[in-house]
Amino acid sequence: MEKIDPSEITPEHLYLSRREFMAGAGALVAGVLLLPACKGGGQVAQNDFCTDAKAQSTADELGNKLTACKDITSYNNYYEFTTSKTGVAPLSKNFKTEPWTITIGGLVDHPRTYTVEELVNKFPPEERVYRLRCVETWSMVVPWLGFPLASLLNEVRPTSKAKFVRFETIMDPAQMPGQKDRSYDWPYVEGLRLDEAMHRLTILATGIYGKPLPPQDGAPIRLVVPWKYGFKYIKSIVKIDLVEEMPVSFWTKIIPSEYGFYANVNPAVSHPRWSQATERRIGELTRINTLPFNGYADEVAGLYAGMDLKENF
Ligand code: MTE
């Protein structure tokens with residue numbers, strides 16, 4: 001793959017942030033209220049998935065109500081299809097997710113390939129309502145169906161050398177037009193430290209709103225790590241490897257100064273181009289304060305005891 005200087009690439013959220021900034025500046029001059037470019041406010045069409053979709057819960061543990069199904073399924077980041085958030089759902093609707101296998105290997109005692117059906121039968125999905133905070137400062141409250149990643153790792157048994165888990169998305173440019181864009185280094189890759197991967201909050205999700213994931217949300221299986229920015233939540237996973245060295249994530253490789261390996265939600269550490277202090281919950285108009293570790297600090301802050309979280313962003 002040809003090497004592209006990261007400075008030549010302008011991911012949509014960087015481009016958008018500049019555009020929003022310009023629009024915001026204009027709106028301020030004009031003295032009118034500007035609605036953020038992120039989704040909400042009737043711009044999203046109803047889709048079939050949501051007609052019979054139903055979660056068991058209505059809110060998260062802090063009392064935040066669920067984001068509407070139609071919003072979760074029609075406003076997406078999935079660069080394998082397009083950089084347009086509302087374009088992902090229509091472009092991915094015929095994406096083939098069956099049959100699907102995930103191969104787990106590397107530094108494990110029992111490497112194995114599973115079908116998604118095998119995983120779902122072995123580890124029955126449970127509903128987990130989690131906040132999702134995107135690095136672009138929008139957020140949602142999502143009723144996932146999934147199972148702890150730890151259940152799977154315990155089965156393949158990481159060896160004592162394994163320090164990190166590396167995840168890879170399917171490579172299929174015939175189905176995913178965005179993968180023909182050679183300015184990105186496909187396939188999408190993400191990683192976690194082994195203790196993060198084993199944490200009880202970390203799940204592999206196979207559904208939302210009581211139904212199997214639709215393609216735009218990462219079908220048939222994706223990662224969910226609720227205290228981290230959304231770009232860690234790698235979609236349509238086909239490969240998981242236990243490794244010794246810290247994996248280089250898709251975004252970290254493109255712009256290492258802006259997207260770190262840890263990507264823990266942290267209102268005190270700004271992105272180089274914007275503040276992370278507040279966020280806009282999709283479907284709501286006013287911004288709310290972003291919580292350290294996305295509100296999961298009691299459970300996960302201990303993983304980073306003694307670490308400088310500004311340096312390890
Ligand atoms: N996974 C893959 N393979 N490709 C992507 O472009 N985008 C990430 C993450 N997982 C992405 C991905 C980003 S930036 C975010 S915010 C979330 O998916 C968005 O998940 P959602 O579309 O289900 O809300």
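Is Glu61 buried or exposed? At 52% relative accessibility, Glu61 comes out as exposed, because the cut-off for that label is over 50%. Keep in mind that everything in these close-ups comes from a predicted model.

**View A. Glu61 and Arg131 pair up in a salt bridge.** Here the two side chains meet with N and O 3.0 Å apart. Glu61 sits in the loop between helix H1 (12–30) and helix H2 (69–72), while Arg131 belongs to strand E3, so this pair ties together parts that are 70 residues apart in sequence. The two ends of the bridge have quite unlike surroundings: Glu61 is exposed at 52%, whereas Arg131 is buried, with a relative accessible area of 2%. Asp60 joins in as well, and Asp60, Glu61 and Arg131 are linked in a network of salt bridges.

**View B. Arg128 meets Glu126 in another salt bridge.** Side chains of opposite charge can pair when their charged atoms come close. For Arg128 and Glu126, the N to O distance is 3.1 Å. Arg128 is the buried partner, with 12% relative accessible area, and Glu126 is partly exposed at 36%.

**View C. Asp241 and Lys239 make a salt bridge too.** The closest N and O atoms of this pair are 2.5 Å apart. This time the acid is buried: Asp241 has a relative accessible area of 13%. Lys239, at 32%, counts as partly exposed. If you want to go hunting for others, a search of the whole structure finds 19 salt bridges.

**View D. Trp186 and Pro187 are joined by a cis peptide bond.** Most peptide bonds are trans, so a cis one is worth a close-up. Omega here is about 0°. To find the spot, look in the loop between strand E5 (164–169) and strand E6 (189–193), which is where Pro187 lies.

**View E. A cis peptide bond also links Ala219 to Pro220.** Again, omega is about 0°. Pro220 is placed in the loop that runs between strand E8 (211–212) and strand E9 (222–224).

**View F. Thr137 has a positive phi without being a glycine.** Its phi is near 85°, and most residues other than glycine have a negative phi. Thr137 lies in the loop between strand E3 (126–133) and strand E4 (138–148). With a relative accessible area of 10%, Thr137 is classed as buried because the limit for that label is under 20%.

**View G. Phe293 is another non-glycine residue with a positive phi.** The angle is about 50°. You'll find Phe293 in the loop between strand E12 (288–289) and helix H8 (297–300). Phe293 is buried, at 9% relative accessibility.

**View H. Asn266 is a buried loop residue.** Its loop connects helix H7 (250–254) with strand E11 (278–281). Which residues does Asn266 touch, not counting residues up to four places away in sequence? They are Tyr229, Gln276 and Leu309. The relative accessibility of Asn266 is 16%.

Notes. Residues numbered from 1 in each chain as written. Predicted model: local features only at pLDDT ≥ 70, side-chain atom pairs only at ≥ 80, totals over all residues. Heavy atoms only, no water. Helix = DSSP H or I, 4+ residues; strand = E, 2+ residues; numbered from the N terminus. Buried < 20%, exposed > 50% of the residue type's maximum accessible area, 1.4 Å probe, protein only. Contact = heavy atoms within 4.5 Å. Salt bridge = Lys/Arg side-chain N within 4 Å of Asp/Glu carboxyl O.
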